Amino acid sequence: MADYVVAIDQGTTSTRAIIFDKSGSIVSSGQLEHEQIFPKAGWVEHDPIEIWNNTREVIGQALSKADLTRHDIAAVGITNQRETAVVWDKNTGQPVYNAIVWQDTRTQPIVDRLAADGGVERFKQIVGLPLATYFSGTKIVWILENVEGAREKAEAGDLLFGTTDSWVLWNLTGGPDGGVHATDVTNASRTLFMDLETLSWRDDILEVFGVPKSMLPEIKSSSEVYGQVEASSLLREVPVAGILGDQQAATFGQAAFDTGESKNTYGTGNFLIFNTGEEIVHSKNGLLTTLGYKLGDAAPHYALEGSIAVTGSLVQWLRDNLGIIKSAPEIEDLAKTVDDNGGAYFVPAFSGLFAPYWRSDARGALVGLTRYVNKGHIARAVLEATAFQTREVLEAVNADSGVDLTELKVDGGMIANNTLMQFQADILGVPVVRPVVAETTALGAAYAAGLATGFWENLDDLRKNWQEDSRWTPQMDEEERDRQIRLWKKAVTRTFDWVDDDVRNA
């Protein structure tokens, strides 16, 4: 009998396979990092072949550690970095270029060109998103305009596009030999091409972008059987039955299924999602309108999202670029050597500022420095930057929804940092709650796949699995909180208007 579900979590820095049992507990996992490629300032790429090879290997690791075979697995779910774009030849399976990662800013001239007629909100009422380098649509355009022969191949119907869920699904189900070319509504809603109401590609927008529709995957729900794993895989004949973009998957894994429920994921970046139910809510405060999930033939659920580009990756930058720490967990010990930030504020606008500002002209700044500031203060400022950015996104969510959030459910790698979680509660003024199973992104993908195959019966089954692990309550007085937020907002303004044509073209 199949007693487990496998989730493939294709993330920004690594790919993981995690096996879950019916209680939503982790049985085993495999994980491999892939190379972060930085050809130029503002350019971020991944090798899609490396990602696919790692996917196969981590599946083997997870099965081997648990001493399981394909006969023990009921279904496979996929979750992924949502806006990272892969374009490949459907006949050979070879990418025509590296994957262009969601953090990449090279497409700003394309954004400017598209925004010349109607501004950055030109398509926002239809797709829920402003024109920005963040989304995958402009990345496809860049590949078609800059990779030799790509435009001709695309017009001939030989090229396929997908975010990394589609890339993994296509390869997992056969690749050039009958692979399924599909995505789910959550990933499709991050392209700039999908109509939020009809859940279909908009021909008129594709025409404006100059992207052939034949490149695009079929849009499906988040929970249905897309196909079976191909014959040469360790998981052969197991149904692939769930796809959710990583932030929607984390929301699903947190059992935040209903209107008004939310979560905040602390990963490479931070992403707060607020479930608006079956209603499409258009933000007036810098948030994105996106798909939350769609289960089979049921009505879609929508969400507001606050996307923050740089949080966990700022800790990696401190480790890899400056060498101030040797491993990410060390930052907490270093931050605890001081009582406060010493007056230093770090605004990590490495890829511009995302929500709620959407300032592509911003760049990172460390401000408030005096001779008193040491590396402990900088470490604390790095952690506090995550909490301050989350505070600004939460303010926008409260304003758009008209309902103040009373507590924040959290997940992702950074929630192991107790110092950060306490400061987060302090600067929000509401409790912060961590679940027992912190790997909610992979768990959400497993849930979607398990629901489609009858492994779990309904959402109530999943709600019963959620358990609280830790809770942090605010300890900072209101006057100090207001002072800190005022100084943070002042620091943010110092990052504006840094990039102009001279800087961008240098």
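Throughout these legends, a residue is buried under 20% relative accessible area, exposed over 50% and partly exposed in between, with a 1.4 Å probe and protein chains only. The model is predicted, so local features need pLDDT of at least 70 and side-chain atom pairs count only at pLDDT 80 or more, while totals for chains, interfaces and linings use all residues. Residues are numbered from 1 along each chain as its sequence is written, and side-chain values use heavy atoms, with hydrogens and water left out. Helices (H or I, at least four residues) and strands (E, at least two) are DSSP runs, numbered from the N terminus.

**Figure 1. An open sheet of 6 strands****.** Follow the strands in the order β3-β2-β1-β5-β12-β11, and you will find mixed pairing. Two strands pair here if DSSP finds at least two bridges between them. The edges belong to β3 (26–33) and β11 (223–228); each has a single partner strand, so one side of each is left without a neighbour in the sheet. From one strand to the next, the twist averages 25°. At the β11 edge, 3 antiparallel bridges lead to β12 (residues 239–245), and Q228 has P239 of β12 as its bridge partner.

**Figure 2. Helix α1 on the sheet, with the loop that follows****.** Helix α1 (residues 48–66) lies across β1 (4–10), β2 (14–20), β3 and β5 (73–80), where contact means heavy atoms within 4.5 Å. The helix runs at about 150° to β3; axes are lines fitted to C-alpha atoms, for helices over the stretch in contact, and angles run from 0 to 180 degrees between N-to-C directions. In the loop between α1 and β5 sits D67, a residue other than glycine whose phi is positive, near 55°. Is D67 buried or exposed? D67 has a relative accessible area of 70%, so it is exposed.

**Figure 3. The span 4–253 and the loop after α9****.** UniProt lists residues 4–253 as "domain: Carbohydrate kinase FGGY N-terminal" in an unreviewed entry; such positions are given in the numbering used here, feature names are shortened, and annotations may be inferred rather than shown by experiment. The span is 30% helix and 25% strand, and its end C-alpha atoms lie 16 Å apart. A255 is found in the loop between α9 (246–253) and β13. A255 is not a glycine, yet has a positive phi of about 60°. Its relative accessibility is 7%, so A255 counts as buried. For context, most residues other than glycine have a negative phi, and most peptide bonds are trans.

**Figure 4. Strand β16 and its two antiparallel partners****.** In β16 (residues 301–308), 8 of 8 residues are buried. One side carries H301, A303, E305 and S307, the other Y302, L304, G306 and I308. Strand β14 (residues 270–277) joins β16 through 7 bridges, with G277 partnered by Y302. Strand β15 (residues 288–293) adds 5 bridges to β16, and here T290 stands opposite A303.

**Figure 5. Strand β19 between parallel partners****.** Both faces of β19 (residues 408–411) are covered, with buried L408 and V410 on one side and buried K409 and D411 on the other. The parallel pairing with β13 (residues 262–266) has 2 bridges, and N264 meets V410. With β20 (residues 432–435), β19 again pairs in the parallel sense over 2 bridges; the partner of L408 is V432.

**Figure 6. Aromatic pairs around F346****.** The whole structure holds 25 aromatic pairs: rings of Phe, Tyr and Trp (its six-membered ring) pair if their centres lie within 6.5 Å, and planes under 30 degrees apart count as stacked, over 60 as edge-to-face and the rest as tilted. W317 and F346 have ring centres 5.7 Å apart and planes at 90°, so they are edge-to-face. This pair links distant parts of the chain, 29 residues apart, with W317 in α10 (residues 312–320) and F346 in β17 (residues 345–347). F346 also pairs edge-to-face with F350, at 6.5 Å and 75°. F346 is buried at 5%, whereas W317 at 25% and F350 at 29% are partly exposed.

**Figure 7. A ring cluster, a cis peptide and two arginines****.** Ring pairs link W102, Y134, F135, F271, F354 and W358 into a cluster. The peptide bond from A355 to P356 is cis, with omega near -5°, and P356 is found in the loop between β17 and β18 (365–367). R359 lies over the face of F496, 4.1 Å from the ring centre. Likewise, the charged end of R106 sits over the ring of W142, 4.6 Å from its centre. A charge sits over a ring if NZ of Lys or CZ of Arg is within 6 Å of the ring centre and within 35 degrees of the ring normal.
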